[in-house]
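Have your viewer open and your selection tool ready. We will go from one stop to the next, and at each one you can select along with the text.

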Amino acid sequence: MSGPFTILGGGVCGLAVAAELSSRGAQVTLIDPKGAPGDHACSWWAGGMLAPDCEGVSAEPEIVRQGRKAARWWESQGGIVHHEGTLVVALNRDQSDLATFARRAPTATSLSKTQIAECEPLLAERYSKALFLADEGHLDPRATLTALHARLEQRGVGFGGNIKGQVIDCRGLAARDTLTDLRGVKGEMLVVRCPDATLSRPVRLLHPRFPLYIVPRGDSVFMLGATQIETGERGRATLRSVMELMNAAYALHPAFGEAELLEIGVDARPAFPDNQPRIRRIGDVIYVNGLFRHGFLLAPAVAQMTSDLLLKGKIPEVWYEDHRER
């Protein structure tokens, strides 16, 4: 089957499926009532970390395995991936959490104070131990989504119009009108400018109540994230959450106390009960959903699986469900 295909939803999932299908020569139309990528999409507020081994500390092994394909896929689609690894630190009182993290992330390398200074000089005076995951990377979600949308236009993917052929539903939380087991997990994040801080890679601060990650965006801009709250509420950041993110950033390094607050973002991630994605066939529609906090990490894998299913008839080894009446 080479199409036509109509994809509903223009977030990271819909764009990735459109990219994979169109790269194989399929005729694709993508329909999103909000138009081009922007702050209406959950993926607009993502951290953009391609960090399967860090995520594997709490996620299922299949997420790690599939997530390791992500960086190469994004680069094949013209994305700019920074291969600088991930640094993980903890305050003195939370060193047991760092040891636990090391046991659960076998690819992590322990760094001494001198090695931390070589990796991230800003943090050398505050931390005597750290973990480094060299094979991880990150990208800028907004630049990546915008560039991919433009690339698809150049490739001949249609945007808007009427539904034609096989429908692939990638609407995220909006698909709860059919996917009754889909839930929202709220995430709040901050964007700050801090000229006094220099980081080359994502840094994760382990904390028993509000773990933090900070992702450099260039030009002294950093993304701070992200809360994880069991609610589908999409439009309200709370004072408590914002304060906790700020306090965690200040705890990582006092330089962030002088940062300029540029943005407060909030949205809800679509997730199934086990926090793993699904490619689900219901009637004549294929639903691709439930990327949870792993949007940029898992969108390539589910896009490839969906394309193999539709173009080759290959049933995915994982995450596939056929709910058609038998």
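Two strands count as paired if DSSP finds at least two bridges between them. Keep that in mind as you look around this predicted model.

**Stop 1: the two domains.** Colour residues 5-79, 138-180 and 273-321 as domain 1, then residues 86-134 and 183-271 as domain 2. Taken over C-alpha atoms, the centres of domain 1 and domain 2 are 26 Å apart. Domain 1 brings 28 residues to the contact, and domain 2 brings 31 residues.

**Stop 2: strand β9.** Now select residues 166-169, which form strand β9. Which strand runs parallel to β9 and is joined to it by four bridges? That is β1, residues 5-8. Show Phe5 as sticks and you will find it opposite Gln166 of β9. Next add residues 285-289, strand β16, which pairs with β9 in the parallel sense over three bridges. Here Ile168 stands opposite Ile286 of β16.

Are the residues on the two faces of β9 buried or exposed? Gln166 and Ile168 on one side are buried, and so are Val167 and Asp169 on the other.

**Stop 3: a helix pair.** Select helix α1 (residues 12-23) and helix α7 (residues 141-155), which pack at an angle of about 35 degrees with axes 10 Å apart. The crossing of α1 past α7 is left-handed. Turn on side chains: among the residues that meet are Leu15, Ala19 and Ser22 in α1, and Leu148, His149 and Arg155 in α7. By class, this contact of α1 with α7 holds eight nonpolar, three polar and one charged residues.

Methods. Residues numbered from 1 in each chain as written. Predicted model: local features only at pLDDT ≥ 70, side-chain atom pairs only at ≥ 80, totals over all residues. Heavy atoms only, no water. Axes fitted to C-alpha atoms, helices over the stretch in contact; angles between N-to-C directions. Left-handed = near helix turned anticlockwise from the far one by under 90°. Contact = heavy atoms within 4.5 Å. Nonpolar A, V, L, I, M, F, W, Y, C, P; charged D, E, K, R; others polar. Buried < 20%, exposed > 50% of the residue type's maximum accessible area, 1.4 Å probe, protein only. Domains from an automatic or database assignment.
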